[in-house]
Amino acid sequence: SGSSGSSGSGSGSGRGGSGKGAVVEGTESNFDSEVLQSDDLVLVEFFAPWCGHCKRLEPEYKSAAQTLAGRAKLVAVDATVHQGLAARFRVQGYPTLKYFPAGKKDPSGEEYDGGRTASEIVQWVEDKLVLTQPPPEVKELVSQAVLEDHCFNKQMCFIAVFANILDESASERHARIDTLKALAERFKRNPFGWVWTESGAQPSVEQATGMGGYGFPALVALNKKKQVYSSHTGAFTEDSIAQFVNTLLARRGSVVPLGSVPSARDVQPWDGKDHTPQVVEEIDLSELDDIDIKEDL
């Protein structure tokens, strides 16, 4: 109720606040709207004003809320006032922290199992945010703008060159793109770009990175800032490429200086279909009967 909320704020807890980055005071009346119906990732602390551990957590929790402003919401519930909420979430001791992921909420919440300092709370929440954020988009390299945005502006980008659509089926190509999407998801906490093209479409890229020596599909990792690249020589599978990526992340991969800074030309995006051969109109041979053929006698 509203009255219990006001008594909670006056009980020496001092947990509620206002403005961006403030800890939200959770009450029986606002809990569903502030937590369960929120699209944000929400962390809820159930506390008691007399609890020593809660008092030590309070400044850390407030600091974390400020750091995470705009990305996650931190709520504090005085369990001695809002006993219905404490019972609903089976709070046994203080402080108890519950986690509600971004998007659709499990009404019972999940246990928070991170540390109690501001930096540990922030790190824990940021790790959860990464898991719920979408992976970077896998883009077809159809222009210089795509090369700049999804490759040059990234810490590292992975460029796949597939066989020309004349030489592979649409289903094979879709499967390779799906492999890249799985890798983008797997490594989404890293600032990587993922692009692809087909053999012959972007000759500058192939030339600068020594592509084609192992046939197609081929894959290179490129770091524009350091002017280096590294070629993947294994199979074009998620596990094989993931091993290649992890080797680079551990700084164990062999890198080669870029022959030149690649550029991309404008090309028509792939329509997602198999190549359709040009149909040459057949001549009905009976039409030749009307042509006067002079024979050389």
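Which residue in β5 is the bridge partner of K98? It's E111, and that pair is a good way into the sheet described here. Keep in mind that this is a predicted model.

**The five-stranded sheet**

K98 belongs to strand β4, residues 96-100, which runs antiparallel to β5 and is joined to β5 by two bridges. Both strands are part of an open sheet of five strands, with mixed pairing and the order β1-β3-β2-β4-β5. At the edges you'll find β1 (24-26) and β5 (110-111); each has a single partner strand, so one side of each is left without a neighbour in the sheet. As background, strands of a sheet pair through backbone hydrogen bonds, in either a parallel or an antiparallel way.

Two helices lie across this sheet, and here is how they compare on paper:

| Helix | Residues | Strands it lies across | Angle to β2 |
|---|---|---|---|
| α3 | residues 52-67 | β2 (41-47), β3 (72-78) and β4 | about 160° |
| α5 | residues 118-132 | β2, β3, β4 and β5 | about 145° |

**Helix α7 and what it packs on**

Further along the chain comes α7, a helix of 17 residues (170-186). From first C-alpha to last, α7 reaches 24 Å, close to the 24 Å expected at 1.5 Å a residue. Its buried residues are A170, R173, R176, I177, T179, L180, L183 and A184. What do the buried residues of α7 pack against? The partners are four strands you can pick out by name, β6, β7 (156-162), β8 (192-198) and β9 (218-223), along with helix α9. On spacing, an α-helix has 3.6 residues a turn, so residues three or four places apart point the same way.

**L249 in α9**

Helix α9 covers residues 238-249, and L249 sits in it. Is L249 buried or exposed? Neither, really: L249 is partly exposed, because its relative accessible area is 36%. Leaving aside residues up to four places away in sequence, L249 touches F187, N190 and F192. Take N190: it is 59 residues from L249 in sequence, yet the two C-alpha atoms are 9.6 Å apart in space.

**How far to trust it**

Average pLDDT for the chain is 89, and 86% of the residues score at least 70. Confidence is highest in strand β6 (residues 138-140), at 98, and lowest in helix α1 (residues 2-9), where the mean is 33. Over residues 1-14 pLDDT stays under 50, and the model has 21 contacts beyond four places in sequence for them. Where pLDDT is low, the predicted coordinates should not be read in detail.

Definitions and conventions: Residues numbered from 1 in each chain as written. Predicted model: local features only at pLDDT ≥ 70, side-chain atom pairs only at ≥ 80, totals over all residues. Heavy atoms only, no water. Pairing = 2+ DSSP bridges. Contact = heavy atoms within 4.5 Å. Axes fitted to C-alpha atoms, helices over the stretch in contact; angles between N-to-C directions. pLDDT = per-residue confidence, 0-100. Buried < 20%, exposed > 50% of the residue type's maximum accessible area, 1.4 Å probe, protein only. Expected span 1.5 Å × (residues − 1).
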